[in-house]
Amino acid sequence: MSVCDDAADLREELTELRRALHREPEIGLDLPRTQEKVLAALDGLPLEITTGERLSSVTAVLRGGAARADGRRPAVLLRGDMDALPVQEDTGLDYASRIPGRMHACGHDLHVAGLVGAARLLAARRAELAGDVVLMFQPGEEGMGGAEIMIDEGVLDAAGEGAVAAYALHVFSTGLPQGTIVSRSGTAMAASDAVHVVVRGKGGHGSSPHGAKDPVPALAAMVGALQTMVTRELDIFDPAVVTVGSIHAGTAGNVIPETASMDVTVRSFSEEAHRRVRAGVERTVRGIAAAHGVEADIDYAEQYPVTVNAPDEAAFALGTARDLFGGARVFDIPRPMAGSEDFSFVLQQVPGAFIGLGACPADREPATAPMNHSPQAAYDDAVLPDAAALLAELAVRRLADA
């Protein structure tokens, strides 16, 4: 039987696992119940399993049985992230989150189930594997840097010989028809920075602003100036996105507050744009503060770097997908996505590819369906066999070519 046929036989099992994960989402680096479910799902497979020290990760190594003439044991890494989001679910699903304020709104529950499916498919093909496979079940993708911690704890060398290639698959609830597979060479996802600005003035009575130093007009000027800075200082063909998502100031209309603050997300698609936009943000904020006679504290946190697919690995991943599913479902996308990924830390050290999979439910229109991170985001379990089959086949073929 083909890998797709075998994966289809796993559909009920993978769906049950995915829905169990969805009902009980966990956030951040400490995911004890999720880790327990993963370990139970892997039980009985011929895997060397270790768990994380600083996070609830699971690393499983499958040793291939095919001898190589050169005596080497190359390894391929497959990643599945496990954490949920602080979102109150509003899908009406009968397996919706049972934990208030938490939801698998980004589809990581499908990633886990798909990687478990790949583990089962690969275990059944162990004799064919000309090397080893590292299964990376990762907490803390949503802004917690879980991949960096797992790298520090040795996931890239878990098989003994360093990984020669790495692949991660991410589902999308909108934008892509169900079952569509996409990737691209080079930049696939943006770098992500988080900026917290506190403007410090002098409080006073709203009727007498001349007797105070009002931080609010300064903050308001910064919001507009940041948008102008982006459009006038950055190359439109190497763009950046600066979004002010949160503003806080004051307690009453007739009180000038001591401080005002804002939280900003910054996305960029190259190291040059990243450098320029950071310098521009800091200069703009400090310059406006000085012009208004107030002070500004800037906490500029560089979260995730640009996710860069190795050209050969992206072409290999798309070619493998076309062989499995046909060319009508597989596309080389022309532009990177503005989201960010901490799989970028893996790809900084190991050539590989980040791959997208459309998981929009059949009864929704992909162009208008709620997007990842939405309280109404929904994903179709029908894509789980495809996710498992693609990950498994990538490992089998890449080891054969290593």
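**Figure 1. Surroundings of Gln35 in helix α3 of the predicted model.** Gln35 belongs to helix α3, which comprises residues 32-42. Its relative accessibility is 16%, so Gln35 counts as buried, the cut-off being under 20%. Leaving aside residues up to four places away in sequence, Gln35 touches Thr51, Ser56, Ser57 and Val58.

**Figure 2. The edge-to-face pair of Tyr304 and Phe345.** Three aromatic pairs are found in a search of the whole structure. In the pair of Tyr304 and Phe345, the ring centres lie 5.8 Å apart and the planes stand at 90°, so the arrangement is edge-to-face; the class requires an angle over 60 degrees. Tyr304 is in strand β13, whereas Phe345 is in helix α9, which spans residues 343-347. The two residues are 41 residues apart, and their pairing links distant parts of the chain. Tyr304 and Phe345 are both buried.

**Figure 3. The tilted pair of Phe343 and Phe354.** Here the distance is 6.5 Å from centre to centre, and the planes form an angle of 40°. Phe343 lies in helix α9, and Phe354 lies in strand β16, residues 352-358. This pair, too, links distant parts of the chain, with eleven residues as the separation of Phe343 and Phe354. Both Phe343 and Phe354 are buried. Helix α9 thus appears in this view through Phe343 and in the preceding one through Phe345.

**Figure 4. The largest pocket and its lining.** The volume of the largest pocket is about 680 Å³. Its lining is formed by 29 residues, of which Phe172, Met189, Ala338, Gly339 and Ser340 are the closest to the centre of the pocket. Two elements, β5 (163-172) and β13 (295-304), each give two or more residues to the lining. By residue class, the lining consists of 13 nonpolar, eleven polar and five charged residues. Strand β13 also holds Tyr304, the partner of Phe345 in the edge-to-face pair.

**Figure 5. The span annotated as "domain: Peptidase M20 dimerisation".** The name and the limits, residues 194-285, come from an unreviewed UniProt entry. In the predicted model, this span is 37% helix and 34% strand. The C-alpha atoms at the two ends of residues 194-285 are 15 Å apart.

Conventions. Residues are numbered from 1 along each chain as its sequence is written. This is a predicted model: local features need pLDDT of at least 70, side-chain atom pairs count only at pLDDT 80 or more; totals for chains, interfaces and linings use all residues. Side-chain values use heavy atoms; hydrogens and water are left out. UniProt positions are given in the numbering used here, feature names are shortened, and annotations may be inferred rather than shown by experiment. Helices (H or I, at least four residues) and strands (E, at least two) are DSSP runs, numbered from the N terminus. On a 1 Å grid over the protein atoms alone, a cavity is a set of points where a 1.4 Å probe fits but cannot get out, and a pocket is an open set with protein on both sides within 12 Å along at least five of seven lines; lining residues have an atom within 4 Å of a point. Grid points are joined across faces, edges and corners, and a volume is the space filled by probe spheres set on the points. Ala, Val, Leu, Ile, Met, Phe, Trp, Tyr, Cys and Pro count as nonpolar, Asp, Glu, Lys and Arg as charged, and the others, Gly among them, as polar. Rings of Phe, Tyr and Trp (its six-membered ring) pair if their centres lie within 6.5 Å; planes under 30 degrees apart count as stacked, over 60 as edge-to-face and the rest as tilted. Buried means under 20% relative accessible area, exposed over 50%, partly exposed in between (1.4 Å probe, protein chains only). Contact means heavy atoms within 4.5 Å.
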